[in-house]
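Student: I should like to request a close look at the aromatic residues of this model. Please describe how their rings are arranged, and then set out what is found around the ligand and in the largest pocket.

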Amino acid sequence: MLSIPPNAPFTPEQVGWLNGYLAARIQVQSGGPSTAPTASEASTTGLPITILWGSQTGNSESLAKRAAKSLGSKGHQVTVTDMAQVEPQSLPQIENLFIITSTYGDGEPPDNAAELHEYLQSDKAASFENTNYTVLGLGDSEYPDFNQCAKDFDTALEKRGAKRITPLIESDVDYDEPFDQWLADITESLSALA
Ligand SMILES: Cc1cc2nc3c(=O)[nH]c(=O)nc-3n(C[C@H](O)[C@H](O)[C@H](O)COP(=O)(O)O)c2cc1C
């Protein structure tokens, strides 16, 4: 099977996407009913996805990168971005917006998520009617405002007209299992989107 060599000058997300693309091309070119992609394989290939992370100590950032690697290996075109680096007004142009954020302080957003969080709660926020979204929250149930920031993003996007493609998942300090569940939900939901 043709694939991108490990020392090629690409990020893991780019390698995942290129390998998915090559695999799909090879299947199509080789023809015949036994090698053509199935309907569900074909329909889940190549969606543009933006994962935004809000993180104080790196957990959400590292999960965003893991999610990108997994979704990229399925052929999606994934971009991972620090929430502080996005222009809030440009967000409604994103077709598939995936958010991973922790909560800090007393139910507050992490520092890099503060501006976007404030924008989405304000009257200035635009309509998101062309956006599919999902949110994964990282929190700690010892705090009274468990996963408040993730809840805020989830509610604000719904209020602005975005379409929630999978339910909000609120993970506790052991976030590996909820993360896997979130990814599994997304994978199933994406196959119905295209
Ligand atoms: C000072 C502090 C305040 C926190 N406040 C909350 C909170 O209000 N609600 C919550 O659910 N989790 C809270 N947490 C837990 C973090 O959200 C959790 O540790 C998360 O995994 C951190 O992810 P991050 O590294 O991406 O920021 C707090 C943690 C710390 C250290």
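Tutor: The account below takes the aromatic rings first, then the ligand and the pocket.

The model is a predicted one. Two aromatic pairs are present in the structure. One of them joins F98 and W182, with an edge-to-face arrangement in which the ring centres are 6.3 Å apart and the planes make an angle of 75°. That angle is over 60 degrees, so the pair counts as edge-to-face. F98 belongs to strand β3 (residues 96–102), whereas W182 belongs to helix α6 (residues 176–193); the pair therefore ties together parts that lie 84 residues apart in sequence.

Both partners are removed from the surface. F98 is buried, its relative accessible area being 0%, and W182 is likewise buried, with a relative accessible area of 0%. The other pair is formed by F179 and W182: the centres of their rings are 6.5 Å apart and the planes stand at 35°, so this pair is tilted. An angle of 35° is neither under 30 degrees, the limit for stacked rings, nor over 60.

The setting of this pair is local in sequence. F179 and W182 are both located in helix α6, three residues apart, which corresponds to about one turn of the helix. Each of these two residues, F179 and W182, is buried. Taken together, F98, F179 and W182 make up one aromatic cluster. W182 takes part in the edge-to-face pair with F98 and also in the tilted pair with F179.

The ligand comes next. It has 19 residues around it, of which S55, Q56, T57, S102 and T103 come nearest. T57 places a polar side-chain atom 2.4 Å from an oxygen atom of the ligand. Backbone atoms contribute as well: a polar backbone atom of S60 is 2.8 Å from an oxygen atom of the ligand, and a polar backbone atom of N147 is 2.8 Å from an oxygen atom of the ligand.

There remains the largest pocket, whose volume is about 310 Å³. Its lining comprises 21 residues, and those nearest its centre are T103, Y104, L138, G139 and D140. Sorted by class, the lining of this pocket consists of 12 polar, six nonpolar and three charged residues. T103 appears in both descriptions, being among the residues that come nearest the ligand and among those that lie nearest the centre of the largest pocket.

Terms used
Residues numbered from 1 in each chain as written. Predicted model: local features only at pLDDT ≥ 70, side-chain atom pairs only at ≥ 80, totals over all residues. Heavy atoms only, no water. 1 Å grid on protein atoms, 1.4 Å probe; cavity = no way out; pocket = protein on both sides within 12 Å on 5 of 7 lines; lining within 4 Å. Points joined across faces, edges and corners; volume = space filled by probe spheres on them. Nonpolar A, V, L, I, M, F, W, Y, C, P; charged D, E, K, R; others polar. Phe/Tyr/Trp six-rings, centres within 6.5 Å; stacked < 30°, edge-to-face > 60°. Helix = DSSP H or I, 4+ residues; strand = E, 2+ residues; numbered from the N terminus. Buried < 20%, exposed > 50% of the residue type's maximum accessible area, 1.4 Å probe, protein only. Near = heavy atom within 4 Å. Polar contact = N/O pair within 3.5 Å; in protein donor to acceptor, adjacent residues only side chain to side chain.
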